[in-house]
Amino acid sequence: SDGRWATIKWVLASPVLPSEQAYVVLDLTVADGVHPGDEFTVYRPLTPSKVPGDPADPAIAIGRAQAIRVTPYGTTAIIVAQVQPAISVGSIVRVSAKMP
């Protein structure tokens with residue numbers, strides 16, 4: 001719980017719908033405490049309601065990624081699981097598991 005939040009900044013080869021085994025770059029760095037092997041949950045962001053007074057659509061987990069390489073400039077991760085085909089640049093991620 002309380003893992004750091006980040007966004008997907010780049011997807012290798014810019015596929016229309018990235019899926020499992022796709023490489024992504026996240027805006028988390030070594031300074032954020034990320035290590036190779038850490039896992040991230042990918043979320044579809046919260047969507048505000050179009051009707052005033054109605055509740056917003058919540059953020060929904062759509063996949064998981066695992067850090068492969070962490071540098072002072074960003075983190076390269078690979079998508080290891082996907083529930084919905086909605087992973088894209090700008091998707092939000094959260095650290096959900098840490099390597100010891």
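Strands β2 and β5 pair in the antiparallel sense over 4 bridges. In this predicted model, that pair belongs to a barrel closed by 6 strands in the order β1-β2-β5-β4-β3-β6, with antiparallel pairing. From one strand to the next, the twist averages 45°. The largest nonpolar core has 19 residues, and the structure holds 4 salt bridges.

**Strand pairing**

- Leu26 has Thr75 in β5 as its bridge partner.
- Tyr23 is likewise bridged to β5, where its partner is Ile78.
- On the other side of β5 in the barrel order comes β4, and 7 bridges join these two antiparallel strands.
- Val70 stands opposite Thr75 in β5, the residue that is also the bridge partner of Leu26.
- The connection from β4 to β5 is a hairpin through 4 residues.
- Strands of a sheet pair through backbone hydrogen bonds, in either a parallel or an antiparallel arrangement.

**Nonpolar core**

- Within the largest nonpolar core, the residues with the most contacts are Ile8, Val24, Leu26, Phe40 and Val93.
- Two or more residues come from each of β1, β2, β3 (39-44), β4 (60-70), β5 (75-82) and β6 (92-97).
- The largest contribution to this core is that of β4, with 4 residues.
- Val24, one of the residues with the most contacts inside the core, touches Ile8, Trp10, Val11, Thr75, Thr76, Ala77 and Ile79 when residues up to four places away in sequence are not counted.
- Ile8 therefore appears both in that set of Val24 contacts and among the residues with the most contacts inside the core, which are buried by definition, under 20% relative accessible area.

**Ile60 in β4**

- Ile60 is found in strand β4 and counts as partly exposed, at 29% relative accessibility.
- Because buried means under 20% relative accessible area, the 29% of Ile60 does not qualify as buried.
- Leaving aside neighbours within four places in sequence, Ile60 is in contact with Val42, Tyr43, Arg44 and Gln84.
- The C-alpha atoms of Ile60 and Pro45 are separated by 7.1 Å, the two residues being 15 apart along the chain.

**Salt bridges**

- Lys9 and Asp27 form one of the 4 salt bridges, with 4.0 Å between the closest N and O atoms.
- Lys9 lies in strand β1 and Asp27 in the loop between β2 and β3, so this pair ties together parts that are 18 residues apart in sequence.
- Asp27 is partly exposed, with a relative accessible area of 34%.
- Lys98 forms a salt bridge with Asp38, and their closest N and O atoms are 2.9 Å apart.
- Since Lys98 lies in the segment after β6 and Asp38 in the loop between β2 and β3, the pair ties together parts 60 residues apart in sequence.
- Lys98 counts as partly exposed at 47% relative accessibility, whereas Asp38 is buried at 0%.
- Glu39 and Arg64 meet through their side chains in a further salt bridge, at 3.8 Å from N to O.
- Glu39 is in strand β3 and Arg64 in strand β4, and the pair links distant parts of the chain, 25 residues apart.
- Arg64 has a relative accessible area of 36% and is partly exposed.

**Positive phi in the loop between β1 and β2**

- Ala13 is found in the loop between β1 (5-11) and β2 (23-26), and Gln21 lies in the loop between β1 and β2 as well.
- Phi of Ala13 is near 70°, a positive value in a residue other than glycine.
- For Gln21, phi is near 75°, again positive in a residue other than glycine.
- Ala13 has a relative accessible area of 69%, and because the cut-off for exposed is over 50%, Ala13 is exposed.
- Gln21 also counts as exposed, at 54% relative accessibility.

Technical notes:
Residues numbered from 1 in each chain as written. Predicted model: local features only at pLDDT ≥ 70, side-chain atom pairs only at ≥ 80, totals over all residues. Heavy atoms only, no water. Buried < 20%, exposed > 50% of the residue type's maximum accessible area, 1.4 Å probe, protein only. Core = buried A, V, L, I, M, F, W, Y, C linked by side-chain atoms within 4.5 Å. Contact = heavy atoms within 4.5 Å. Pairing = 2+ DSSP bridges. Axes fitted to C-alpha atoms, helices over the stretch in contact; angles between N-to-C directions.
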